Amino acid sequence: MRVVIVSDFGSVNGGAAKVAIESARGLAEAGVEIVFACAIGPVSDRLDHPLISVELYPGEEIWKVGSKIAAARQGIWNAPAHSFLSELLARQPRGRTLVHLHQWTKAFSPAAIAAAGESGLPVAITMHDYFSFCPVGGYFDFKAGAPCQQKPMSAGCIAANCDRASYVHKLVRVARQWRSDEALRKLRTPLFVHVSDFARRFAEPFLPKQARHVVVENMMEAPKRSPVDVAKNRHALFLGRFTQEKAGDVLAQAARDAGMPVRFVGEGPLAEEIRRINPQAEILGWVPAERVFDEIAAARCLVLPSLWYEPGPLVIAEARSLGVPVVLARTTGPASWIEDGEDGILVEGGDGRGLMKALERLKDDNAASRMGAAAYRRYWDDPLTIQRHVQRLIGAYRPVLAAAA
């Protein structure tokens with residue numbers, strides 16, 4: 001088996017790139033030949049393996065290519081990237097090669113989907129976000145501060161001024177989405193890899209009818225530590241970007257109303273608003289990756305009150321692996337892992353009162369300890385190891401390759 005992995009980035013700069021790189025490494029260690037095609041360096045040391053060959057397209061991130069017009073043109077259709085990938089895929093052996101697209105919106109453009117489809121090789125696409133059907137990628141109206149209500153690429157969608165930046169920026173993304181949709185329709189039987197059951201149920205109706213679907217959760221490598229004694233901890237923890245769709249401001253108000261200390265770790269445009277709403281909130285910048293687990297272990301609970309339909313943030317798995325209970329919006333991917341009231345608490349996204357009541361409930365030492373212990377036990381019954389991820393990926397690839405052959 002050979003897999004050509006397409007990722008804009010050759011090193012970790014976010015969740016999609018991390019999964020692409022780590023799955024490449026895991027697949028290689030399982031004996032799968034990997035061709036890793038990326039456009040933006042540097043190249044991670046994790047790709048240094050005898051069964052991994054790296055093919056670097058000398059590209060740039062779209063909004064760094066020069067003028068806004070040049071950036072928009074490349075974002076909609078990167079012709080040189082199309083040629084690069086077409087030539088690369090033409091050299092791959094038929095019958096045992098599959099193309100797996102992880103990320104293409106930052107450099108490769110929809111030309112990556114088209115090149116994959118034109119190659120005649122079977123194609124898999126991991127849904128790290130919703131760019132496969134939504135122009136802004138999150139199915140979220142940033143002007144309204146709420147999930148989108150439009151059918152993707154309908155007249156209402158195109159007319160909606162929902163982009164975080166501007167309507168002109170939205171129109172560029174609409175043009176890119178048109179090229180993406182055109183390329184997706186030409187794929188024979190694409191395999192969409194979803195990172196949670198919720199994300200699959202949400203996204204599947206918007207994707208091509210001829211597609212196959214499978215759920216393969218992202219890996220979360222962590223040593224098994226002793227469970228945290230959360231009854232000794234006091235503060236709720238928010239870990240992530242301080243942006244509108246992640247609703248840190250809603251948590252700031254809920255924690256203030258519940259009388260629970262709260263710590264925000266990350267950065268983003270809502271930092272001052274969080275301070276205004278809750279002057280007692282502790283706001284830290286990003287911490288090094290090796291300190292993330294220590295931050296979580298110091299918390300009473302981890303809170304993810306997202307307004308958008310977040311597919312599969314791994315911070316929830318990180319908390320559960322430590323025995324820290326979570327409070328999260330039920331319209332997020334990890335909600336399908338939680339038994340409400342048993343190993344965490346589910347709330348409606350943006351429901352400040354419901355979030356306040358959840359925090360009040362977790363102020364009780366017995367409730368926090370009971371939920372934390374259940375979360376720890378359930379996580380380690382089926383941990384998100386790289387071996388599990390790779391085994392499920394290979395299991396998803398085989399029938400697709402067999403059908404193509």
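This is a short tour of a few residues to select, one after another, in a model that is predicted.

Begin by selecting G41 and P42, which are joined by a cis peptide bond whose omega is about 0°. To place this pair along the chain, colour the loop between β2 (33-40) and β3 (52-56), since that is the loop in which P42 lies.

Next, select S109, which you will find in the loop between β4 (97-103) and α4 (111-118). Its backbone deserves a look, for S109 has a positive phi of about 75° although it is not a glycine. If you then turn on a surface, keep in mind that S109 has a relative accessibility of 0% and therefore counts as buried.

From there, go to M153, in the loop between β7 (146-147) and α5 (155-159). M153 is again a residue other than glycine with a positive phi, here near 65°. Its relative accessible area is 21%, so M153 counts as partly exposed, the cut-off for buried being under 20%.

Keep M153 displayed and add D181, a residue of helix α6, which spans residues 167-185. Leaving aside residues up to four places away in sequence, D181 touches S132 and M153, so showing these side chains together brings the last two stops into one view.

Finally, with D181 still selected, which side chain of opposite charge is nearest to it? That side chain belongs to R185, 5.0 Å away, and D181 is buried yet has no salt bridge; the cut-off for such a bridge is 4 Å, between a side-chain nitrogen of Lys or Arg and a carboxyl oxygen of Asp or Glu.

Key:
Residues are numbered from 1 along each chain as its sequence is written. This is a predicted model: local features need pLDDT of at least 70, side-chain atom pairs count only at pLDDT 80 or more; totals for chains, interfaces and linings use all residues. Side-chain values use heavy atoms; hydrogens and water are left out. Helices (H or I, at least four residues) and strands (E, at least two) are DSSP runs, numbered from the N terminus. Buried means under 20% relative accessible area, exposed over 50%, partly exposed in between (1.4 Å probe, protein chains only). Lys and Arg count as positive and Asp and Glu as negative; His and the chain ends are not counted. Contact means heavy atoms within 4.5 Å.
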